[in-house]
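Visitor: I am new to this structure and should like to understand the terms used to describe it. Might we look at it together?

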Amino acid sequence: MINRIRKLDKSVSNKIAAGEVVERPASVVKELLENSIDANSTSVVIEIRDAGKSYIRVSDNGRGIHKEDMYLAFERHATSKIYSDAEIYDIKSLGFRGEALASIASVSNIEIITKTADDEYGIRAELVGGEIISNNSIGCPDGTTIVVKDLFYNTPARHKFLKSNSTEMNYINTIVNNIALSHPEISFRYIVNNKNIFTTQGNDDLYSTIYTIYGKDISKNLIKINHEKEEMKIKGFVSNISCTRGNRQLQIYFVNGRYVKNKVITRAIDEAYGTLMPRNRFPICFLYLDIPSNKVDVNIHPAKTEIRFRDERRISEFILNSIKEKLLSSDLIPNINIGN
Ligand code: ADP
Ligand code: MG
């Protein structure tokens, strides 16, 4: 017997797509926060309960969603961020696939309140498993609040794979910290189980943002980096050799505002410290790279933490030299010869 081909139901295909975008509560937090950033928000509140399994709220004071676009926002491949394929190669926003809200909505229950500056009233809608079940006008400030409840309530297999609250919280903390670090010009207030964790000032000062999130012990051991060559820029902080870690968790770097993992960058950092670092110890760093966006390919992985550089060697040398130069001239490690 020949199995005939059928097109999948929207709700089925959304759930399948959700498997890629929404792995765990932290992925929801990431997508919501990226949307708030793309909406030009200056102030964002993140509230988590029950490790995000039953409650995630992100409220922003950004652009809001136009009333008539509310339905589209939860459709797959619907985005306000790119309009043509040419733009895929020169992405400036964090989102662009138009998949996140549709995916999240298909595996949770959502409440959304949003208002643009042009509208007198906002709109509040509730969605169950991706379907809008209520929708009304409401008085509210400009911006968007999205509450994601009961994640994976309708996909028991995924729900079962959620880890313990403390593990899921670790993932969420990493995302929130990294996003707050990547946008020191935005104030992030982070609340977990009704407790205030931190509020960054949003004053565009990297150092005070790092201090707010990681505290004094780390902040006092940082060396400032600020270097520019041709059209590449690097700024941020690296730790002196008395402040190291047993893993790379606090090697945090951003390329064009995007938190990424990248071997070229990791290797350049290693090489910059060379033999200064004892075996199996790693420096802490918070680095911000600006590379012309047409020299970076972000479109290689849906989770978008991977990137590829078009000219790896040039970028690697730039990073290595910028850090090494600063380490060599830093008083904190006088007269030590770094590698050859
Ligand atoms: P993408 O971010 O890839 O465009 P999403 O599914 O995350 O796709 O969001 C779909 C659309 O909904 C966005 O393009 C944007 O227009 C709108 N949107 C989502 N979140 C917000 C927000 N916090 N503020 C304003 N608009 C938003
Ligand atoms: Mg998005």
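Guide: Helices (H or I, at least four residues) and strands (E, at least two) are DSSP runs, numbered from the N terminus. By that criterion, the chain has 10 helices and 17 strands. This is a predicted model, in which local features need pLDDT of at least 70 and side-chain atom pairs count only at pLDDT 80 or more, while totals for chains, interfaces and linings use all residues. Residues are numbered from 1 along each chain as its sequence is written, and chains are lettered from A and ligands numbered from 1 in the order in which they are written.

Visitor: What makes the chain as compact as a globular protein of its length?

Guide: The globule rule is 2.2 Å times the number of residues to the power 0.38, and the radius of gyration is taken over C-alpha atoms. For 340 residues the rule gives 20 Å, and the radius of gyration of the chain is 22 Å, close to that value, so the chain is as compact as a globular protein of that length. Its C-alpha atoms fill a box of roughly 70 × 55 × 40 Å along the principal axes.

Visitor: What share of the residues count as buried?

Guide: A residue is buried if 20 or more other C-beta atoms, placed from the backbone, lie within 10 Å of its own. Of the 340 residues, 36% count as buried.

Visitor: Which strands are the edge strands of the open sheet, and why?

Guide: Two strands pair if DSSP finds at least two bridges between them. The open sheet has 8 strands in the order β5-β4-β3-β6-β2-β1-β7-β8, with mixed pairing. Strands β5 (131-138) and β8 (195-199) each pair on one side only, and are the edge strands. Within the sheet, β3 (residues 109-115) and β6 (residues 143-149) pair in the antiparallel sense over 7 bridges; I113 has T145 in β6 as its bridge partner.

Visitor: Which helix packs on the sheet?

Guide: Residues are in contact if their C-beta atoms, placed from the backbone, lie within 7 Å. Helix α2 (residues 25-38) packs on the sheet, touching β1 (43-49), β2 (55-60) and β6.

Visitor: How is confidence in the model expressed, and where does pLDDT stay under 50?

Guide: pLDDT is the predictor's confidence in each residue, from 0 to 100. The mean for the chain is 89, and 91% of its residues reach 70 or more. Over residues 334-340, pLDDT stays under 50.

Terms used: Contact = placed C-beta atoms within 7 Å. Axes fitted to C-alpha atoms, helices over the stretch in contact; angles between N-to-C directions. Buried ≥ 20, exposed ≤ 12 C-beta atoms within 10 Å, placed from the backbone.
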